[in-house]
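Work through the following exercises with the sequence and the model open side by side. Each task is followed by a solution that goes step by step.

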Amino acid sequence: MEIIPLRPGFGGELRGLTLADVAAHDAAYQAVRAAFEDYSVLVFRNQDVSNESQLAFSRRFGPPETTKVGSLGTGTHFVILTTIGPDGKVVPPDHRYAMRNKANQLWHTDSSFKSVPALASILSGRTIPQNGGETEFVSTRLAFERLDPATRDKLENSFAWHHYGHSRRKIAEGLATTEELSALPPQCWRMVWKNPVNGRGALYLASHAYAVEGMDPIEGEKLIDELTVAATAPGTSYVHGWRAGDVVMWDNRATMHRGRPWPAHEARHMVRTTISATAIDGVESMRPPPRLAAE
Ligand code: OGA
Ligand code: MN
């Protein structure tokens with residue numbers, strides 16, 4: 001396996017191995033897992049991807065999430081992000097599928113609004129538009145390390161509240177349904193996720209974060225916005241331009257990502273698998289004191 005760095009400090013393209021190698025061989029998994037802990041975003045090109053091969057690869061990293069109510073693929077291990085409607089035609093720009101993609105164009109980390117947050121997401125490009133439709137990543141580990149020590153200390157002991165409704169409301173009132181909202185009550189997480197393997201902390205932020213525990217609501221939201229702006233400073237991102245056969249995997253503990261727009265008449269179809277964070281991934285240290293969790 002060869003690793004081609006993509007950006008200073010994060011992102012790597014892995015060459016010389018396939019999803020099937022990782023699914024089948026412990027040594028290949030161990031090598032990719034080590035690269036994942038270091039690089040946060042891994043790119044595999046020219047893969048022969050099916051739902052089965054994607055899931056077999058994904059399962060190596062931990063338990064796959066079951067897709068929530070209201071998303072395409074609900075009840076399975078796949079999230080389908082598509083603009084192709086049931087009739088095979090591209091949906092109009094105000095269609096729910098298209099609006100969902102818009103919400104993905106806000107900087108976020110996957111599943112911070114769930115009671116079990118995500119370790120990793122694995123996204124494969126199945127139908128790729130001719131123009132645009134890239135996925136952009138930043139390292140919230142590097143963003144954390146850019147902050148001054150006093151701010152870092154404070155954030156390590158701060159907790160933020162995350163809610164699915166918050167990010168969806170930024171796109172359109174009512175985009176999140178009452179069914180989704182009742183399945184997804186607000187969650188509180190530490191604002192810095194420390195990687196148990198290398199000890200490096202990363203800002204845990206997302207478009208879903210709406211308040212900081214113990215802070216005035218407006219001040220807390222302002223802090224979240226300022227940290228997001230700093231974490232996504234121009235020139236710090238890796239922009240993945242999709243080609244057929246690409247699979248991109250990212251560490252939701254140490255990155256934020258967003259989709260980039262593309263012309264509404266062009267089809268785009270992507271399939272995501274998402275791995276829940278477990279104790280070995282440091283999730284227990286992210287939970288707030290019981291006093292807060294019970295609110
Ligand atoms: C995702 C996501 C952005 C994109 O799959 O979690 O945010 O570019 N995707 O489709
Ligand atoms: Mn996402």
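**Exercise 1. Find which residues valine 32 is in contact with, leaving aside its neighbours within four places in sequence, and place valine 32 in its core.**

Step 1. In this predicted model, valine 32 is in contact (heavy atoms within 4.5 Å) with Met1, Leu14, Leu17, Val22, Leu42, Phe44 and Phe61, once neighbours within four places in sequence are set aside.

Step 2. Val32 belongs to the largest nonpolar core, which has 25 residues, and together with Val22, Leu42, Phe44, Phe57, Phe61 and Met249 it touches the most other members. A nonpolar core is here a set of buried Ala, Val, Leu, Ile, Met, Phe, Trp, Tyr and Cys residues joined through side-chain atoms within 4.5 Å; buried means under 20% relative accessible area, exposed over 50%, and partly exposed in between, with a 1.4 Å probe and protein chains only.

Step 3. At least two residues of this core come from each of helix H1 (19–24), helix H2 (26–39), strand S3 (41–44), strand S5 (118–127) and strand S13 (247–251), where helices (H or I, at least four residues) and strands (E, at least two) are DSSP runs numbered from the N terminus. H2 provides the largest share, 5 residues.

Step 4. Another core, of 18 residues, lies apart from this one and has Val138, Val192, Ala209 and Leu223 among its members. In soluble globular proteins, nonpolar side chains tend to be buried together.

A note on conventions: residues are numbered from 1 along each chain as its sequence is written, while chains are lettered from A and ligands numbered from 1 in the order in which they are written. Local features need pLDDT of at least 70 and side-chain atom pairs count only at pLDDT 80 or more, whereas totals for chains, interfaces and linings use all residues, and side-chain values use heavy atoms, with hydrogens and water left out.

**Exercise 2. Identify which residues of helix H3 are buried, and what covers them.**

Step 1. In helix H3, which spans residues 51–59, the residues Ser53, Gln54, Leu55, Phe57 and Ser58 are buried.

Step 2. The cover over the buried residues of H3 includes H1, S3, S5, S13 and S15.

**Exercise 3. Describe how the manganese ion (ligand 2) is coordinated, and then examine the polar surroundings of ligand 1.**

Step 1. The manganese ion is coordinated by His108 (NE2), Asp110 (OD) and His257 (NE2), at 2.1 to 2.2 Å; donors are N, O and S atoms within 2.8 Å of the metal (3.2 Å for Na, K and Ca), and water is not among the atoms, so sites may look incomplete.

Step 2. Along the sequence, these donor residues are spaced H-x1-D-x146-H. Because aspartate 110 lies in the loop between helix H4 (96–103) and S5, and histidine 257 in strand S14 (residues 255–259), the pair ties together parts that are 147 residues apart in sequence. Both aspartate 110 and histidine 257 are buried.

Step 3. The residues around ligand 1, each with a heavy atom within 4 Å of it, include His108, Asp110, Thr135, His257, Arg268 and Arg272.

Step 4. Oxygen atoms of ligand 1 lie 3.1 Å from an N or O atom in the side chain of histidine 108, 3.0 Å from a polar side-chain atom of aspartate 110, and 2.6 Å from an N or O atom in the side chain of threonine 135. The protein covers 99% of the 290 Å² of accessible area that ligand 1 has on its own, with areas taken from the Shrake-Rupley method and a 1.4 Å probe.

**Exercise 4. Determine where threonine 274 lies and what its side chain makes a polar contact with.**

Step 1. Threonine 274 is in strand S15 (residues 269–276) and is buried, with a relative accessible area of 2%.

Step 2. Its side chain makes a polar contact of 2.9 Å with the side chain of arginine 272. A polar contact is a pair of N or O atoms within 3.5 Å; within protein, one must be able to donate a hydrogen and the other to accept it, and residues adjacent in sequence count only if both atoms are side-chain atoms.

Step 3. Leaving aside neighbours within four places in sequence, threonine 274 is in contact with residues including Pro63, Glu65, Ser111 and Ala118.

**Exercise 5. State where serine 111 is found, and whether it is buried or exposed.**

Step 1. Serine 111 is found in the loop between H4 and S5, and with a relative accessible area of 2% it is buried.

Step 2. Serine 111 has a positive phi of about 70° although it is not a glycine. Most residues other than glycine have a negative phi.
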